[in-house]
Amino acid sequence: MARTHHYGLAVTWTGNTGTGTSGYRAYERAHDLSAEGKPVIGGSSDPAFRGDPARWNPEELLVASLSQCHMLWYLGLCAAEGVVVTGYVDRPEGTMSEERDGSGRFQEVVLRPEVTLAPGTDVERARALHERAHEMCFIASSVNFPVRHEPVFGG
């Protein structure tokens with residue numbers, strides 16, 4: 001039987017500079033993401049859309065979610081299959097196109113995990129588990145654009 005999971009949080013706009021949204025340039029895009037028992041994440045829009053570059057924007061958070069989901073599935077699958085990972089860092093990149101009217105969509109996200117394996121680990125098995133992790137990732141299964149992975153291995 002399938003299980004259902006629910007995720008609740010708060011997104012609170014903190015960018016009212018005194019006149020609310022009286023004009024496009026009259027307010028900040030600053031907001032806070034919060035959930036009970038977790039640290040607050042400061043958010044904004046992309047600097048291209050008058051956002052604060054010191055805060056996380058939704059596009060970055062989407063790319064980060066895809067990377068996190070893939071990594072967590074990958075590590076779990078490796079543990080189950082006897083593939084010993086001793087280090088993992090990903091430097092993902094997302095590409096988004098913007099239309100003339102301001103709308104847009106992601107074209108793709110490329111994950112670039114650098115995986116360190118214990119000596120003697122089967123690299124081809126480790127590589128194959130990336131495919132399985134991609135198939136299992138909840139986030140990648142939920143987006144309408146390609147998510148590719150280009151792993152490199154060391155160790």
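Is Ser45 buried or exposed? In this predicted model, Ser45 is buried, because its relative accessible area is 16%, which falls under the 20% that marks a buried residue.

## The surroundings of Ser45

Ser45 belongs to the loop that runs between strand S3 and helix H1. Its side chain has polar partners on the backbone of residues further along: a polar atom of that side chain lies 2.9 Å from the backbone oxygen of Phe49, and a polar atom of the side chain also lies 3.3 Å from the backbone nitrogen of Gly51.

When neighbours within four places in sequence are left aside, the residues in contact with Ser45 are Arg29, Arg50, Gly51, Asp52, Asn57 and Pro58. Gly51 therefore appears both in this set of contacts and, through its backbone nitrogen, as a polar partner of the Ser45 side chain.

## The sheet of S1, S2 and S3

Strand S3, which precedes the loop of Ser45, is part of an open sheet of three strands, arranged in the order S1-S2-S3 with antiparallel pairing. Strand S1 (10–13) and strand S3 (41–43) stand at the edges of this sheet, and each has a single partner strand, so one side of each is left without a neighbour in the sheet. On average, and with direction ignored, neighbouring strands here are turned by 25° against each other.

Strand S2, residues 31–34, runs antiparallel to S3 and is joined to it by three bridges. Within this pairing, Leu33 has Ile41 of S3 as its bridge partner.

## The sheet of S5, S6 and S8

A further open sheet is formed by three strands in the order S5-S6-S8, and in this case the pairing is mixed. Its edges are strand S5 (93–98) and strand S8 (147–149), each with a single partner strand, so that one side of each has no neighbour in the sheet. Neighbouring strands of this sheet are turned by 15° against each other on average, again with direction ignored.

Strand S6, residues 104–111, pairs with S8 in the parallel sense over three bridges, and Val110 stands opposite Arg148 in S8.

## Helix H1

Helix H1, residues 58–81, lies across S5, S6 and S8 and runs at about 35° to S6. The 24 residues of H1 should span 34 Å at 1.5 Å a residue, and the end C-alpha atoms are 34 Å apart, which agrees with that expectation. At the start of the helix, a side-chain oxygen of Asn57 comes to within 3.0 Å of the backbone nitrogen of Glu59; Asn57 is also one of the residues in contact with Ser45. After the helix comes Gly82, which has a positive phi near 75°.

The buried residues of H1 are Val63, Leu66, Ser67, Cys69, His70, Tyr74, Leu77 and Cys78. An α-helix has 3.6 residues a turn, so residues three or four places apart point the same way.

## Salt bridges

Side chains of opposite charge can pair when their charged atoms come close. The model holds nine salt bridges, among them one between the side chains of Asp32 and Arg55, with an N to O distance of 3.3 Å. Because Asp32 lies in strand S2 and Arg55 in the loop between S3 and H1, this pair ties together parts that are 23 residues apart in sequence. Asp32 is partly exposed at a relative accessible area of 22%, and Arg55 likewise counts as partly exposed, at 24%.

Another salt bridge is formed by Glu114 and Arg91, whose closest N and O atoms are 3.0 Å apart. Glu114 lies in strand S7 (residues 113–117) and Arg91 in the loop between strand S4 (85–90) and S5, so the parts tied together are 23 residues apart in sequence. Glu114 is partly exposed at 35% relative accessibility, as is Arg91, with a relative accessible area of 48%.

## A network of charged side chains

Arg112 forms a salt bridge with Glu150, in which the closest N and O atoms are 3.3 Å apart. Since Arg112 lies in the loop between S6 and S7, and Glu150 in the loop between S8 and strand S9 (152–154), the pair ties together parts that are 38 residues apart in sequence. Arg112 is partly exposed, with a relative accessible area of 29%, and Glu150 counts as partly exposed at 33%.

These two residues belong to a network of salt bridges that links Glu93, Glu108, Arg112, Arg148 and Glu150. Arg148, a member of that network, is also the residue of S8 that stands opposite Val110.

Note on methods
Residues are numbered from 1 along each chain as its sequence is written. This is a predicted model: local features need pLDDT of at least 70, side-chain atom pairs count only at pLDDT 80 or more; totals for chains, interfaces and linings use all residues. Side-chain values use heavy atoms; hydrogens and water are left out. Two strands pair if DSSP finds at least two bridges between them. Helices (H or I, at least four residues) and strands (E, at least two) are DSSP runs, numbered from the N terminus. Axes are lines fitted to C-alpha atoms, for helices over the stretch in contact, and angles run from 0 to 180 degrees between N-to-C directions. Contact means heavy atoms within 4.5 Å. Buried means under 20% relative accessible area, exposed over 50%, partly exposed in between (1.4 Å probe, protein chains only). A polar contact is a pair of N or O atoms within 3.5 Å; within protein, one must be able to donate a hydrogen and the other to accept it, and residues adjacent in sequence count only if both atoms are side-chain atoms. A salt bridge is a side-chain nitrogen of Lys or Arg within 4 Å of a carboxyl oxygen of Asp or Glu. The expected span of a helix is 1.5 Å times one less than its number of residues.
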